[in-house]
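Work through the exercises below with the sequence and the 3D view side by side. Try each task before you read its solution.

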Amino acid sequence: MNRTWKGDTVSLVESFRSREKSPIEETQATFDSIKESSLNAFSYLDEEGALARAEQADVSLPLGGVPIAVKELHNVEGWPDTNASLVFADRVSRFDGTMIERLKTAGANLIGLTTASEFGGLNCSTTKLNGITHNPWNHDLTPGGSSGGSAAAVAGGIVTLGTGGDGGGSIRIPAGF
């Protein structure tokens, strides 16, 4: 049973500020939804870190406490830096990318990495490293790619926001699918 916020990110922040819901409740609900999901939208989860950050969330910030999914090709210090490839399966990022720094400054609670195509090179999210990511409306179809994991997580109601890229249609393709 998916218990995550059904509105948009702005209304979620407003619910935190009004104390209708807490960042801890939403973060736990997000992880529960991921575990219950058959989408295979995530390649890495930072459950312990995210729950600790939720306890300290500053809801006065623009994204204060909002659980946000991060596309697997974006660098988060200390998290896997695989580029969705078996070649880099054991590599760990030594830095935060600019977008990640900005999300953290805005109070976002980064929860984990979403599946992508290997090196962002295909318009589907299927890899030998992570398997097949499913379209939320029809599991026999792809959510597209390379930002397919983020798209599936948002469209599937797991998170209200996820990062993506668009070097060659990486988020436009999932939006169309």
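## Exercise 1: A covered strand

Task: decide how many residues of strand 2 are buried.

Solution. Strand 2 is mostly covered, with five of its five residues buried. Buried means under 20% relative accessible area, exposed over 50%, and partly exposed in between (1.4 Å probe, protein chains only). Strands (E, at least two residues) and helices (H or I, at least four) are DSSP runs, numbered from the N terminus.

Next, sort the residues by face. In a regular strand the side chains alternate between the two faces of the sheet. Pro67, Ala69 and Lys71 lie on one side of strand 2, Ile68 and Val70 on the other, and all are buried.

A note on the source: this is a predicted model, where local features need pLDDT of at least 70, side-chain atom pairs count only at pLDDT 80 or more, and totals for chains, interfaces and linings use all residues. Residues are numbered from 1 along each chain as its sequence is written, and side-chain values use heavy atoms, with hydrogens and water left out.

## Exercise 2: The sheet

Task: find the strand order of the open sheet of four strands, and say which strands stand at the edges.

Solution. Begin with the pairing rule: two strands pair if DSSP finds at least two bridges between them. Now take strand 2 (residues 67-71). Five bridges join strand 2 to strand 3 (residues 109-114), and the two run parallel. One example is proline 67, whose bridge partner in strand 3 is asparagine 109. Strand 2 also pairs with strand 6 in the parallel sense, over two bridges. Here alanine 69 has glycine 162 as its bridge partner.

Put together, the open sheet has the order 1-3-2-6, with mixed pairing. Strand 1 (42-45) and strand 6 (161-162) stand at the edges with a single partner strand each, so one side of each has no neighbour in the sheet.

## Exercise 3: An enclosed helix

Task: explain why helix 5 (residues 148-155) is largely enclosed, and list what covers its buried residues.

Solution. Count first. Six of the eight residues of helix 5 are buried, so the rest of the structure largely encloses this helix. They are Gly148, Gly149, Ser150, Ala151, Ala152 and Ala153. Then look for the cover. It includes strand 1, strand 2, strand 3, strand 6 and helix 6 (172-176). Last, step past the end: just after helix 5, glycine 157 takes a positive phi of about 80°.

## Exercise 4: One aromatic residue

Task: is phenylalanine 16 buried or exposed? Which residues does phenylalanine 16 touch?

Solution. Locate phenylalanine 16 in helix 1 (residues 9-17). Its relative accessibility is 4%, so phenylalanine 16 counts as buried. Now list contacts (heavy atoms within 4.5 Å). Leaving out residues up to four places away in sequence, phenylalanine 16 touches Lys21, Ser22, Pro23, Glu26, Val59, Gly64, Gly65 and Val66. Valine 59 is 43 residues away along the chain, yet the two C-alpha atoms are separated by 6.4 Å.

## Exercise 5: The whole protein

Task: count the helices and strands, then say why the protein is as compact as a globular protein of its length.

Solution. The protein has six helices and six strands. Along the sequence, the pattern reads α-α-β-α-β-α-β-β-β-α-β-α. The radius of gyration is 15 Å, close to the 16 Å from the globule rule for 177 residues, so the protein is as compact as a globular protein of that length. This radius is taken over C-alpha atoms, and the rule is 2.2 Å times the number of residues to the power 0.38. Finish with burial: buried residues make up 49% of the 177 residues.
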